[in-house]
Amino acid sequence: YKRQDDKGVSVISSYLQNRKTSIKHIDISNGNVGKMGLVTLFKEFLPCLDLASSLTYLSISGNKLEPEGSSALARWLASPNKLRELFLSNTMAKLNTVLAAIPRGCSHLKTLDISKNKIHKSCMQVIDPLIRGSFCLEVLNFSSTQITVDQLIQILALIDNNPYLKKMSLDVSENDLSTIGADKLGISYCIVY
């Protein structure tokens with residue numbers, strides 16, 4: 001966390017208040033932005049009503065959301081928006097908070113990258129409605145999330161049971177699923193289907 005890196009985000013926040021054009025794409029990935037800089041940025045998202053209808057791509061990967069930034073992002077995500085691609089890789093996101101907001105506001109979301117954030121056992125309670133209620137999700141990146149085999153089995157079942165998710169790309173690389181886990185996955189998948 002470097003305080004001067006949050007100053008760059010405050011320039012963006014200031015721009016959001018005074019701009020005359022719509023914004024379609026925001027990428028501040030790997031900008032060393034801390035939670036307070038992200039809180040400031042996402043607070044500016046809320047009053048920008050046209051941002052909800054124009055922003056389709058948001059990447060904050062490699063910055064530090066932590067609980068405060070996760071809550072600020074979730075407030076915006078829960079409002080109706082046109083976001084199609086969301087990249088949150090390696091952000092120390094509080095996934096329960098962020099993922100719970102997505103089904104409420106992000107009905108157009110096609111790509112979700114939460115790689116390099118830890119998926120806790122309780123995250124399945126918010127992943128379930130996210131996948132179950134999606135009409136257009138095409139890419140899920142759960143790489144390096146410490147996902148368990150049982151969680152993966154649940155996610156695969158949710159994807160298979162959603163008739164709208166016919167072209168799904170699921171990345172679960174760099175998770176310790178082990179040979180025993182792979183066997184369990186194969187057996188469970190064959191039994192269920």
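**View 1. The buried residues of helix H5 in the predicted model.** This close-up comes from a predicted model. Helix H5 runs over residues 95-105. Its buried residues are Leu95, Val98, Leu99, Ala101, Ile102 and Gly105. They lie on the same side of H5, because they cover an arc of only 160 degrees around the axis. Two helices and two strands pack against these buried residues. The helices are H4 (66-77) and H6 (124-132). The strands are S3 (85-87) and S4 (111-113).

**View 2. Leu77 and its contacts.** Leu77 touches Val98, Ala101, Ile102 and Gly105, each listed among the buried residues of H5. Leu77 is also in contact with Leu83, Leu86 and Cys106. Neighbours within four places in sequence are left aside here.

**View 3. The largest nonpolar core.** This core holds 55 residues. Phe42, Phe45, Leu58 and Leu77 touch the most other members. Six helices give two or more residues each: H1 (3-18), H2 (35-45), H4, H5, H6 and H7 (149-161). H7 gives the most, with six residues.

**View 4. The ring pair Phe42 and Phe45.** The model has four aromatic pairs. In one of them, the ring centres of Phe42 and Phe45 are 5.3 Å apart and the planes stand at 85 degrees. The pair is therefore edge-to-face, the class for planes over 60 degrees apart. Both residues lie in helix H2. They are three residues apart, about one turn of the helix. Both are buried. Phe42, Phe45 and Trp76 form one aromatic cluster.

**View 5. The ring pair Tyr57 and Phe87.** Here the centre-to-centre value is 5.3 Å, with 40 degrees between the planes. This aromatic pair is tilted. The pair links distant parts of the chain. Tyr57 sits in strand S2 and Phe87 in strand S3, 30 residues apart. Tyr57 has 15% relative accessibility, so Tyr57 counts as buried. Phe87 is buried too, with a relative accessible area of 17%. Both values fall under the 20% cut-off for buried residues.

**View 6. Ser59 in strand S2.** Strand S2 covers residues 57-59 and includes Ser59. Ser59 is buried, because its relative accessible area is 4%. Ser59 touches Ile26, Asp27, Ile28 and Ser29. Ser59 is also in contact with Phe87, the ring partner of Tyr57. Neighbours of Ser59 within four places in sequence are again left aside.

**View 7. Leu140 in strand S5.** Leu140 belongs to strand S5, residues 139-141. Its relative accessibility is 1%, so Leu140 counts as buried. Leu140 touches Leu112, Ile131 and Ile159, along with Met168, Ser169, Leu170 and Asp171. Residues up to four places away in sequence are not counted. Leu140 and Met168 are 28 residues apart along the chain. Their C-alpha atoms are separated by 7.6 Å.

**View 8. Confidence along the chain.** The mean pLDDT of the protein chain is 89. Of its residues, 90% reach 70 or more. Over residues 188-193, pLDDT stays under 50. For this stretch the model has seven contacts beyond four places in sequence.

Definitions and conventions. Residues are numbered from 1 along each chain as its sequence is written. This is a predicted model: local features need pLDDT of at least 70, side-chain atom pairs count only at pLDDT 80 or more; totals for chains, interfaces and linings use all residues. Side-chain values use heavy atoms; hydrogens and water are left out. Buried means under 20% relative accessible area, exposed over 50%, partly exposed in between (1.4 Å probe, protein chains only). Helices (H or I, at least four residues) and strands (E, at least two) are DSSP runs, numbered from the N terminus. The arc is that of the directions from the helix axis to the C-beta atoms. Contact means heavy atoms within 4.5 Å. pLDDT is the predictor's confidence in each residue, from 0 to 100. A nonpolar core is a set of buried Ala, Val, Leu, Ile, Met, Phe, Trp, Tyr and Cys residues joined through side-chain atoms within 4.5 Å. Rings of Phe, Tyr and Trp (its six-membered ring) pair if their centres lie within 6.5 Å; planes under 30 degrees apart count as stacked, over 60 as edge-to-face and the rest as tilted.
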